[in-house]
Amino acid sequence: AGCTKLFIKTMSLSSHEINDLTQTATQAARLGGAILQDYAQKGFTVHSKGEAINLVTEADLQSEKAIIECIRKTFPTHQILSEEQGLQDIPQHPIKWIIDPLDGTVNFAHGFPMYNVSIGVEYQGTCMIGVIYDPTRDELFLAQQGRGATLNSTPIHVSAAPKLAEALLVTGFAYDIHTATDNNLKEFCAFTVRAGGMRRTGTAAIDLAYIACGRLDGFWELQLKPWDTAAGKVIVEEAGGQITNYAGDPYSIYGQTTLATNTLIHSEMLGILKETRE
Ligand code: IPD
Ligand code: CA
Ligand code: CA
């Protein structure tokens, strides 16, 4: 307990506290990523949860366990919300860790090498730190509020694509796609016939990280969960991008709709979403 760090409720975090949180977030993300790579090599069991296409593997669970243990060692009193374990039952704390121990589970289960660990750190409801670690490319995306965003320690910025016709877009589909009526297919068609190109990576965290570093220009999706977007939100914003809901309102990771862009094509994309969903 000698090295245990305790934060008291103050108006803001000191840079020392931000550095300590960032160090643990980075360490935990790399640890989770190493576990994913280990399972990718040796094999793993797969189960479905809820909808038959919504999978969870041994790797999701073991990555999550290791990440939580790593955080708990340094910060035993913080709140933790993670995809498979949910919200840990501990008293309110101004700092909340939001974890996706494997974003891109369907990719992972198929051996399609596009997945990552995503960790966001909220302070009094604002996401202050985001780490997305892609172990397949050894790429670590990091942002701290007010301090910019980096990819493997090099500063990153969103693209300069000025309009949709030149933009490479990306989206994803929720696990209720087989039955839902609001299923993103109308939007997919509308954007596909107007954009420079269209992709679907199968991982929302990578979609956001790639908006931040300019590999992609615009991303929209319905029904994402806080662990899909907590880290990506701060990374996109710190890289000069814009993230809102479909109405153009300030973004909440607890909301229903996500639009993230290089800023330049944001209003054009909002217009098409509005037109398509009317
Ligand atoms: C999923 C991925 C996917 C998105 C889904 C998410 P998971 O997360 O981010 O790209 O389309 O909505 O649920 O289940 O692989 O952690
Ligand atoms: Ca996810
Ligand atoms: Ca996941």
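## A first look at E83

At 21% relative accessibility, E83 counts as partly exposed, because buried would mean under 20% and exposed over 50%. Keep in mind that this is a predicted model.

E83 is a good place to start, as its side chain is one of the protein donors of the calcium ion (ligand 3).

## The calcium ion (ligand 3)

Which residues hold this ion? The protein donors of the calcium ion (ligand 3) are E83 (OE), D100 (OD), D100 (OD) and L102 (O), and they lie 2.2 to 3.2 Å from it. Along the chain, these donors follow the spacing E-x16-D-x1-L. E83 sits in the loop between β3 (79-82) and β4 (86-87), while L102 belongs to strand β5 (residues 95-103); the pair links distant parts of the chain, 19 residues apart.

Is L102 buried or exposed? With 1% relative accessibility, L102 counts as buried, whereas E83, at 21%, is partly exposed.

## The calcium ion (ligand 2)

A second site involves three aspartates: D100 (OD), D103 (OD) and D228 (OD) coordinate the calcium ion (ligand 2) at 2.1 to 2.2 Å. The spacing of these donors along the chain is D-x2-D-x124-D. D103 lies in strand β5 and D228 in helix α6 (residues 226-238), so this pair ties together parts that are 125 residues apart in sequence.

Both of these residues are tucked away from the surface by the numbers: D103 counts as buried at 6% relative accessibility, and D228 counts as buried at 10%.

## Where the two ions meet

What connects the two sites? D100 bridges the calcium ion (ligand 2) and the calcium ion (ligand 3), and the two ions are 3.7 Å apart.

## Ligand 1 and its surroundings

Now for ligand 1, which takes up the space of the largest pocket. How many residues surround ligand 1? There are 16, and the closest are D103, G104, Y175, R200 and E221. D103 thus appears here as well, in addition to coordinating the calcium ion (ligand 2). Strand β5 gives the most to the shell around ligand 1, with 3 residues.

Some contacts reach oxygen atoms of ligand 1. A polar side-chain atom of Y175 lies 2.6 Å from one such oxygen. From the backbone, an N or O atom of G104 lies 2.7 Å from an oxygen atom of ligand 1, and an N or O atom of G202 lies 3.1 Å from an oxygen of this ligand. Taken alone, ligand 1 exposes 380 Å², and the protein buries 94% of that.

Conventions. Residues numbered from 1 in each chain as written. Chains lettered and ligands numbered in written order. Predicted model: local features only at pLDDT ≥ 70, side-chain atom pairs only at ≥ 80, totals over all residues. Heavy atoms only, no water. Donors = N, O, S within 2.8 Å, 3.2 Å for Na, K, Ca; no water. Helix = DSSP H or I, 4+ residues; strand = E, 2+ residues; numbered from the N terminus. Buried < 20%, exposed > 50% of the residue type's maximum accessible area, 1.4 Å probe, protein only. Near = heavy atom within 4 Å. Polar contact = N/O pair within 3.5 Å; in protein donor to acceptor, adjacent residues only side chain to side chain. Areas by Shrake-Rupley, 256 points an atom, 1.4 Å probe, with all protein chains shown as cover. 1 Å grid on protein atoms, 1.4 Å probe; cavity = no way out; pocket = protein on both sides within 12 Å on 5 of 7 lines; lining within 4 Å. Sits in = over half its atoms within 2 Å of the grid points.
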